[in-house]
Amino acid sequence: MSVEGVAALAPDSRVAAAGRKLGVSGSWNSPGRSDGALWGECKGSAVYQVRVDLSDLAVKCSCPSRKHPCKHGIGLLFLNLESPLPTVPAPDWVTDWLARRAAGPKRRKSAAKRGGTVSDPEAKAKRAEKRLSRVAGGLDALDLWMEDLVRDGLATAGTRPASFWETQAKRMVDAQAPGVAARLRHLSALPNSSPDWTGRLLDGLGRLALLSEAFRRLDALDEPLAESVRAEVGIPLPQEAVLDRGERVSDDWIVLGQRTDDEWRLRTRRTWLLGGESRRYAMILQFAASGAPFAEQFVSGTIVSGELAFYPGAYPLRAVVRSRAGVATRAVELPGHRTVEAFLDHASTITASQPWLEWLPATLSGVVPLLDGERWLVRDQDGGALPLSGGEHWTLISISGGHPLDLVAEWEGGTLLPLGVVTGGRYRMIQGHE
């Protein structure tokens, strides 16, 4: 692990900074490690027992902090990073915790079987039909709203108050179509945001119109595409169903990068993975309340062995973790597209099969970041270039020093948002934890 990787596990920058201060030997009693865990007693206003499960980087601390992982857990990881902890027998409070974690999934599954009730298929079908009817009604009203917006001229959207968009988004929530509501809130940020905002807004409205039309034709669509349409509207399969019936892929997964967004009291994290053998991309989408931990912890630039279950769809990308094995190792290279043209061909093929994907992982090998006038770009060996988003990128240029590097980014349909780079066999985080 790297300093950046440990800091990325913290719920915010304050916890990361406080943990960094605790990552010194004078703050700890009897720290140690085994093949699967780290532990130690942190000295402060009290003595807190801290342990880390290295299989998934879960942290347990006896302190009363509401933030997880807390500063003591982050401090223990920094301590081990500074100087590897001695390998010694684990105390009972560590082995007992590891045993409970290992037995947890089995207990939950057994309890679900004992306490489960037999569902009424007919009642379930009626509820599903009722929801589809509500969504269809909401989309009918949305179509009229979009027609009025376009007829009035997109330039007028730049003069509309925030409530113009939020009111319509709330109507879609009431219609049980939260996925459409999220798209409307995303579109609300486009007016006056850039010189080409009208074109981007028109593109977004066009995708919404296409989604609305596709929903009306669910019965005529191939099942994978129908699954994508339902998910984009906001009716995805429950995670339990995905774990049970989703396509399973076991591999050594390269953690390409992460993007964490804060929206009021909710944090959303997208973690991008690439199968080392399957060469298959995957996105782990997680949600957590402010200060709460994400269910799965990943460190960018590492390799994690495990099995994923993919949500069905026209281009299955989102996945959930079924199991993880061993301890993460460091990635020293990133398989990627050699040219911009090859990546765009790849992205075009995916978009043609599933046109509502808002983000795609992009891995580009041997590109050079540069500032061309006022435009931030990356250029490949053939001269092909793509623009960068997210503000200034002096850090990226300083790491490159004018030389090619391997880039991981999120493709947003017209620009790349850098997440990490590999140069000289070392992974460096660029963005994704802010």
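Colleague: Let's start with the cavities. How much space lies in the largest cavity?
Modeller: About 60 Å³ lies in there. Keep in mind that this is a predicted model.

Colleague: Okay. And how many cavities of 30 Å³ or more does a search of the whole structure find?
Modeller: Just 1 at 30 Å³ or more, with the whole structure searched.

Colleague: Which residues line the largest cavity?
Modeller: Trp-253, Val-255, Leu-273, Phe-298, Val-304, Ser-305, Gly-306, Glu-307, Leu-308, Val-321, Ser-323 and Arg-324. By class, that lining comes to 7 nonpolar, 3 polar and 2 charged residues.

Colleague: Which elements give two or more residues to that lining?
Modeller: Three strands do: S5 (247–263), S8 (302–310) and S9 (319–330). S8 contributes the most, with 5 residues.

Colleague: How many bridges join S5 to S8, and do they run parallel or antiparallel?
Modeller: They're antiparallel, joined by 8 bridges. One cavity-lining residue, Gly-306, is the bridge partner of Asp-251.

Colleague: What about S5 and S6, how many bridges there?
Modeller: S5 pairs with S6 (residues 266–275) over 10 bridges, in the antiparallel sense. Among the bridged pairs, Glu-263 goes with Leu-266 in S6.

Colleague: Switching to packing. How many residues has the largest nonpolar core, and which have the most contacts inside it?
Modeller: That core has 36 residues, and the ones with the most contacts inside it are Leu-256, Phe-343, Val-378, Leu-407, Trp-411 and Leu-416. Strand S13 (residues 405–411) gives the most to this core, with 5 residues. A second, separate core has 31 residues, including Leu-149, Val-180, Leu-190 and Leu-201.

Colleague: Back to Leu-256. What is it in contact with, leaving aside neighbours within four places in sequence?
Modeller: Trp-272, Leu-273, Leu-274, Tyr-281, Leu-334, Thr-363, Val-408 and Tyr-427. Leu-273 from that list also turns up in the cavity lining.

Colleague: I've been looking at Ala-362. Where does it lie, and why does it count as buried?
Modeller: Ala-362 lies in strand S10 (residues 360–372). It counts as buried because its relative accessibility is 2%, and the cut-off for buried is under 20%. Ala-362 touches Phe-343, Leu-407, Val-408, Ala-409, Trp-411 and Leu-416, not counting residues up to four places away in sequence. Its C-alpha atom and that of Leu-256 are separated by 9.3 Å, with the two residues 106 apart along the chain.

Colleague: Now a helix. Which residues of H7 are buried, and what covers them?
Modeller: In H7 (residues 178–187), the buried ones are Gly-179, Val-180, Ala-181, Arg-183, Leu-184 and Leu-187. Their cover includes helices H5 (121–152), H6 (162–174), H8 (197–216) and H9 (223–233). Val-180 is also one of the residues in the second core.

Colleague: Last topic, backbone geometry. Which residues does a cis peptide bond join?
Modeller: His-68 and Pro-69, with omega about -5 degrees. Pro-69 is in the loop between strand S4 (58–61) and helix H3 (71–82).

Colleague: What is phi of Leu-57, and is that residue buried or exposed?
Modeller: Phi of Leu-57 is near 65 degrees, so positive in a non-glycine residue. Leu-57 is buried, at a relative accessible area of 10%, and is found in the loop between strand S3 (47–53) and S4.

Colleague: And Arg-279, what's its phi?
Modeller: About 55 degrees, again a positive value though Arg-279 is not a glycine. Arg-279 lies in the loop between S6 and strand S7 (281–289) and is partly exposed, with a relative accessible area of 44%.

Key. Residues are numbered from 1 along each chain as its sequence is written. This is a predicted model: local features need pLDDT of at least 70, side-chain atom pairs count only at pLDDT 80 or more; totals for chains, interfaces and linings use all residues. Side-chain values use heavy atoms; hydrogens and water are left out. Helices (H or I, at least four residues) and strands (E, at least two) are DSSP runs, numbered from the N terminus. Buried means under 20% relative accessible area, exposed over 50%, partly exposed in between (1.4 Å probe, protein chains only). Contact means heavy atoms within 4.5 Å. A nonpolar core is a set of buried Ala, Val, Leu, Ile, Met, Phe, Trp, Tyr and Cys residues joined through side-chain atoms within 4.5 Å. On a 1 Å grid over the protein atoms alone, a cavity is a set of points where a 1.4 Å probe fits but cannot get out, and a pocket is an open set with protein on both sides within 12 Å along at least five of seven lines; lining residues have an atom within 4 Å of a point. Grid points are joined across faces, edges and corners, and a volume is the space filled by probe spheres set on the points. Ala, Val, Leu, Ile, Met, Phe, Trp, Tyr, Cys and Pro count as nonpolar, Asp, Glu, Lys and Arg as charged, and the others, Gly among them, as polar. Two strands pair if DSSP finds at least two bridges between them.
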